[in-house]
Every structure is written in C-alpha cells, then in structure tokens.
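Trainee: Got a minute to walk through this one with me? I'd like to start with the polar contacts.
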Amino acid sequence: MLLNILLITLDQFRADSLSCAGHPLVKTPHLDALAAQGVRLARHYSQAAPCSPGRASLYTGQYQFNHRVVANGTPLDRRFDNIAKAARRAGHAPTLFGYTDQAVDPRETTGPNDPRLRSYEGLLPGFEAGCFFNATEPAPWIEWVRDQGHAIPDHWEEALATEPSRPAHLSQTAWLTDQFLAWHGRQDRPWFAHLSQLRPHPPFAAAGHYATLYHPDDVPLPISPAETRDSLHNGLLRNPQTAAPTGEREIRQLRAQYYGMVSEADAQLGRVWAALKASGQWDNTLIIVTSDHGEMLCDHGLIQKAGWFEQSYHILGLIRDPREGRARGAVVDAFTENVDVFPTLCDAMGVPVPAQCDGLPLTPFLKGETPPWWREAAHWEFDWRAAFIPSG
C-alpha cells in the first residue's frame, strides 16, 4: 500500500509548548490526540538556526557542516538529494503549501538578473507549488483578506502584527490550511504534501480571539539570564533582534501571544485531522509534525533563535504511522533529530536512504523498539561568521 505522506512544520515551535509534554497552561488538544495515536519524540532537536539552515537539515538529512547552508540566503547545493526528490522516486507528486526557505543554487539560474537570486525564499527542488508563497511577502493571503473587506498593511510583518484585530478565520494560518484542504479534497491517488506554516513565528501577535486566550498574569515567567555571562551572550543581550524585553509586563504579554499562536496552529491542525477522517484517509496517511528550530521566548534574556541554548533547538516531534504494528501513545526519550526525518520518510515510502544522510530512520521507535546502538547526544550548530566577520 502506497501511503499518503503529510509533513507539517510549525515554524519556531518549542517542544515544551505542548500540553501533553507537561505545559501548565497551553492547550494543544489536536497535537495531543496525534501523540496519543502515534509517537512523541520527547527529546527531538533541530540541527541549526535560523530558518534556512534548520530546514536544509530537515530536507536533506544532513548536519550543517555537510550541507553548508549557514545562514538565510546561503544557496543549497543542487547536487544534494532531498525529501521531495525521494518522494518522486516513490511515485508521488510532492506538493508544497507554504514555503521552504531554500536559496537557489546559482548554477541553476539564467544569470545575474535571474529573479530567484533576489530572495532566499526559494522552492526546494522536487516540489510542486500547491500554494507557494514567499514568507516575507505573503501577497496571496494579504489580497484575500482585502477581498473579505478588511484593511491590512502591505508589508508581511506589519500584516501579521495586525492579526489580533481581525477574526481568527482570516489569519494566515487559517488561509494556508484552507489551501491545503481544498487541494486535499481533489486528490484521487496517494499523495505527498508538505504543509509549512509560519506561525508561531514572530511578530508576537496571535490571531483574533487567540490574542486574548491566555492572560499575561497566568503565563509562567522565563529563565533569567545568568549573572556571570560570556561575551557572546552579552552581545546577544545588546542586539535589538535577539534581546528580550526587560519589563515583566512586556515579557508576560509576549509569552501569552506566543501561546495563543500555538493554540491557533493546533486548532487549524484539528481541521486537517477532521478532513482526513471524513475522507477515509486517516488510516492510510503517515503524519510527521515538527519545526525548523525553537524560540527563546525570553529565556536567558533572549528572543528568536540565535545562540546555543536548548530552547532554540529542542523542538516539537510527533509521528503517526497508521500501519498495523506501529506504536500508539509512545514517548521516546532517546535523542532524535530533524536529520532523521528524511531517512524515516524514505523507509516509509520504500526507497533507499541516500548515502548523504547523517540521520537514521526512526522506524524502530515507530514499531515500539529502542535500538541499543542509538545516539547518546543531540547535535546542533550555529554559524557565527556574520557576527564576527565584517562585511564590505
């Protein structure tokens, strides 16, 4: 039986934001339901940050020191295999909803004026564009909101910052879910889809009623910065892009908005689960939910995902394999990594795991087994050259 494959990424989703992982406040019933019917990877890690390096590891199964995507804008070498190319070998037409953040290899372009060189928001080779948008310029969603009679700024970040002022069903997360569901309803053969949601990515402004779902007074406070810090940490604390607010009220508000975005992302996945069940495809669809990296969320005085702290790399990891004999409700405490996703999909699709992969299939864990030879540590990297090598 050729399985349907659904790979879902929720950008910047910390592992400890799941209610089934023990969060004292946030509710994620639909992700919890998936975990109850599959496997939760309790110590699952991204390999790199920011987005392009983290996603390159996810898509190619390689550590950063091998794929060499070291920053947003670093080209992905065209010679590398990836999940979309493997899906094609398995007989699928892999289709993307959202974005992959992979800059084109210049050798694939038509010359210095090729428009693909102006952005790192390229389409990973092998994917068809079901609904592809540049995450920094989500024009289709903005135009759709205007068609519904609502004013919205042109710039993507300003547009997302105004989401609390509109009903939640007009959010970018809801809109992209709509695009996937419409496509899903037209499929009459086994499919492979990648639903790549931007949220819970900043700006810290949840959509509609999710903006008030969690009261700031109820939100737990973050880990404070250590009194003794090295120069790198102090540099991040001085950088306006990575420094968290210092006032308690601002910190609580920021964290409450992040949790609201988490709950909205969960609610939209509930719509996906319902559609799969209604179409009779729930029991022949392999689902993987993960993220490209985490979010500091004011821990250690930081936001975003720079640096070396666990909060930037310890991410969501859920897998539900519908086939008979697969684990249900299991929690894996072994160290797993995003480089394992590509080999796992290859195994599920019945194609060989490419030799380039640094990761390993998670198939034994999906069968309820723990390999005695499994890794004893997780590995992640951050490339500091942009901070220390002057430009120009």
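Mentor: Sure. A polar contact here is a pair of N or O atoms within 3.5 Å, where one must be able to donate a hydrogen and the other to accept it. Keep in mind that this is a predicted model.

Trainee: OK, so which side chain does Asp383 pair up with in a polar contact?
Mentor: Arg385. The two side chains are joined by a polar contact of 2.9 Å.

Trainee: And where does Asp383 sit?
Mentor: In the loop between helix H11 (363–366) and helix H12 (385–388).

Trainee: Is Asp383 buried or exposed?
Mentor: Buried. Its relative accessibility is 18%, and the cut-off for buried is under 20%.

Trainee: What does Asp383 touch, not counting residues up to four places away in sequence?
Mentor: Gln64 and Val70. Val70 is 313 residues from Asp383 in sequence, yet their C-alpha atoms are 5.8 Å apart.

Trainee: Let's switch to His67. Which helix is that in?
Mentor: His67 belongs to helix H3, residues 64–67. It counts as buried because its relative accessibility is 2%.

Trainee: What does the His67 side chain reach at 2.9 Å?
Mentor: The backbone nitrogen of Val69. On top of that, a polar atom of the His67 side chain lies 3.5 Å from the backbone oxygen of Pro53.

Trainee: And which residues is His67 in contact with, leaving aside neighbours within four places in sequence?
Mentor: Pro53 again, plus Ala56, Ser57, Thr60, Gln62 and Phe80.

Trainee: New topic: helix H5. Which of its residues are buried?
Mentor: H5 covers residues 139–147, and the buried ones are Trp141, Ile142 and Val145. Looking down the axis of H5, they fall within an arc of 100°, so they line one face of the helix.

Trainee: Why would residues three or four places apart point the same way?
Mentor: Because an α-helix has 3.6 residues a turn.

Trainee: What covers the buried residues of H5?
Mentor: The cover includes helix H6 (156–161) and helix H7 (172–184).

Trainee: And what about Gly149, what's its phi like?
Mentor: Positive, near 90°; Gly149 follows H5.

Trainee: Last thing, pockets. What volume does the second largest pocket have?
Mentor: About 360 Å³. It is lined by 20 residues, and the closest to its centre are Gln102, Val104, Arg116, Gly122 and Leu123.

Trainee: How does that lining split by class?
Mentor: The second largest pocket has 8 nonpolar, 5 polar and 7 charged residues in its lining.

Terms used: Residues numbered from 1 in each chain as written. Predicted model: local features only at pLDDT ≥ 70, side-chain atom pairs only at ≥ 80, totals over all residues. Heavy atoms only, no water. Buried < 20%, exposed > 50% of the residue type's maximum accessible area, 1.4 Å probe, protein only. Helix = DSSP H or I, 4+ residues; strand = E, 2+ residues; numbered from the N terminus. Arc of directions from axis to C-beta. Contact = heavy atoms within 4.5 Å. 1 Å grid on protein atoms, 1.4 Å probe; cavity = no way out; pocket = protein on both sides within 12 Å on 5 of 7 lines; lining within 4 Å. Points joined across faces, edges and corners; volume = space filled by probe spheres on them. Nonpolar A, V, L, I, M, F, W, Y, C, P; charged D, E, K, R; others polar.
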